[in-house]
Amino acid sequence: MGQASTRDRIVIAAARLLQRQGYVGTGIKQIAKEAEATLGSVYHFFPGGKEAVAVAAIKYSDREFAAVLRDALNSEEAPGAAVEACAGQLAEGLRASDWTDGCPVTAAALETLGTDSEIQQACADALRSWEQIVTERLLRSGFQVRDAGELATTIISALEGAEVTAQVNRSEEPLRVTGRQLARLVGSYGVPRS
């Protein structure tokens, strides 16, 4: 139990730091300090160093956001309202963190662009998994496969961009507006409510 909890503390601390200050701005010593772990234990669990910790942290953040996304998308019967609810939850979470807790996946992805790193792969996998969650939700509501897939890409891309804009402006409005517009877009397909 002790070893697992130390590893978990390291991963969670790294995820929070990536979220607040990005990959470049996060040091391995800081991760150890935040996790209340020794530097030796960080290297014990992650012999690959900072990059290995970051990959584990991104995978953790992927699962964590996937759970939030599923809950939000299942909170409303109509798919458009569900997407709007998701944008609202993101807005509230950002405000509650005083605009610091953006998407750790986006931050790490942008900082490692152009590299063929495991971090890039973990970021790409996370975005794809979130799109899949949205796709599945739309398919359950009667959307055609192609429409569901394209809408899911649009929804995740729009929410990611709106989240950054909300952080920069220290305002929920970009996410709220994006949520409303995405709901209109989803509703425009005229799929019967399920």
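## A tour of the pockets, the cavity and two odd loops

The residues lining the second largest pocket split into seven polar, four nonpolar and three charged. That's our starting point in this predicted model. To get there, select Gln 19, Gly 102, Cys 103, Ala 107 and Gln 167, the closest to the pocket's centre among the 14 residues that line it. The space inside comes to about 150 Å³.

Now colour by helix. H1, helix H6 (104-111) and H8 each put at least two residues into the lining of this second largest pocket. H6 is the top contributor, giving four residues.

Next stop: the largest pocket. Keep Gln 19 selected and add Phe 65, Leu 90, Asp 101 and Glu 163; of the 18 lining residues, these five are the closest to the centre of the largest pocket. You're looking at about 380 Å³ of space here. Which elements give two or more residues to the lining of the largest pocket? They are H1, H4, helix H5 (79-96) and helix H8 (145-169). As for the mix of classes, the lining of the largest pocket has seven nonpolar, six polar and five charged residues.

Time to go inside. Searching the whole structure for cavities of 30 Å³ or more turns up one, and about 40 Å³ of space lies in it. Show Ala 14, Leu 18, Tyr 23, Thr 26, Ile 31, Lys 50 and Ala 54 as sticks, and you have the cavity's lining. Helix H1 (2-21) and helix H4 (50-73) are the elements that supply two or more residues to that lining. By class, five of the cavity's lining residues are nonpolar, one is polar and one is charged.

Last, a couple of backbone oddities. Jump to Glu 36, in the loop between helix H2 (28-34) and helix H3 (39-45). Glu 36 isn't a glycine, yet its phi is positive, at about 55 degrees. Is the residue buried or exposed? Glu 36 counts as exposed because its relative accessibility is 68%, over the 50% cut-off.

Then move along to Arg 170, which sits in the loop between H8 and helix H9 (173-187). Arg 170 is another non-glycine residue with a positive phi, about 50 degrees. Its relative accessible area is 46%, so Arg 170 counts as partly exposed, a class that runs between the 20% and 50% cut-offs.

How values were computed. Residues numbered from 1 in each chain as written. Predicted model: local features only at pLDDT ≥ 70, side-chain atom pairs only at ≥ 80, totals over all residues. Heavy atoms only, no water. 1 Å grid on protein atoms, 1.4 Å probe; cavity = no way out; pocket = protein on both sides within 12 Å on 5 of 7 lines; lining within 4 Å. Points joined across faces, edges and corners; volume = space filled by probe spheres on them. Nonpolar A, V, L, I, M, F, W, Y, C, P; charged D, E, K, R; others polar. Buried < 20%, exposed > 50% of the residue type's maximum accessible area, 1.4 Å probe, protein only.
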